[in-house]
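Thank you all for coming; please have a look at the structure on the screen, and I will then talk through its charged pairs and its cysteines.

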Amino acid sequence: MTKPVSALEDMLSEMTPVLQKGTYIFCTTDDEDKYSACADKAIAIFAEPEGASLILPVMAAGLMGFDTSAPMRCISLMVNSSLTGVGLTATVASALADEDIACNVVAAFHHDHVFIPEPDAERALSVLEELSGADQ
């Protein structure tokens, strides 16, 4: 793994957005049995006072009885961005907002992952490729 990048210009030029396969649902539960039954299927979990927030594959979410009416696609930014880098999330979110595309960013240890409503995924990918200079 490369050294984490922290300068905004470098994070943007190296972000290499990749549209991942699969569709995901953001959901929440405060039911311990339901959480236990689906936690191993989640790609991310965050504990909030109201309950556990989970990001589940759409099929697993449906089988668990969660609302699947807002499917999301994931675009991974393949730069190893520093956890102390400033501006990547704001710049990405602003570029997408300028195109009227909603996004939910999950920052993991190695990469940032941008969740986009399924109908906007391809267009969002183009916006992020342009932002990174990948389309030049």
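When the whole structure is searched for salt bridges, two are found, and I should say at once that this is a predicted model. Let me take the pairs in turn.

One of them joins Lys41 to Asp40, where the closest N and O atoms lie 3.4 Å apart. As for their surroundings, Lys41 is partly exposed, at a relative accessible area of 37%, while Asp40, with a relative accessibility of 65%, counts as exposed.

Another salt bridge brings together the side chains of Arg123 and Asp120, with 3.3 Å from N to O. Here Arg123 is partly exposed, its relative accessible area being 38%, whereas Asp120 counts as buried at 19% relative accessibility, because the cut-off for buried is under 20%.

Now to the cysteines. How many disulfides does the structure hold? The number is zero. Cys74, to begin with, takes part in no disulfide, and the nearest cysteine sulfur, which belongs to Cys103, is 12 Å away. Seen from the other side, Cys103 is likewise in no disulfide, with the sulfur of Cys74 as its nearest cysteine sulfur, at 12 Å. A disulfide requires the two sulfur atoms to be within 2.5 Å, so a pair separated by 12 Å does not qualify.

Is each of these cysteines buried, partly exposed or exposed? Cys74 counts as buried, with 5% relative accessibility, and Cys103 is partly exposed, with a relative accessible area of 23%.

Terms used: Residues are numbered from 1 along each chain as its sequence is written. This is a predicted model: local features need pLDDT of at least 70, side-chain atom pairs count only at pLDDT 80 or more; totals for chains, interfaces and linings use all residues. Side-chain values use heavy atoms; hydrogens and water are left out. A salt bridge is a side-chain nitrogen of Lys or Arg within 4 Å of a carboxyl oxygen of Asp or Glu. Buried means under 20% relative accessible area, exposed over 50%, partly exposed in between (1.4 Å probe, protein chains only).
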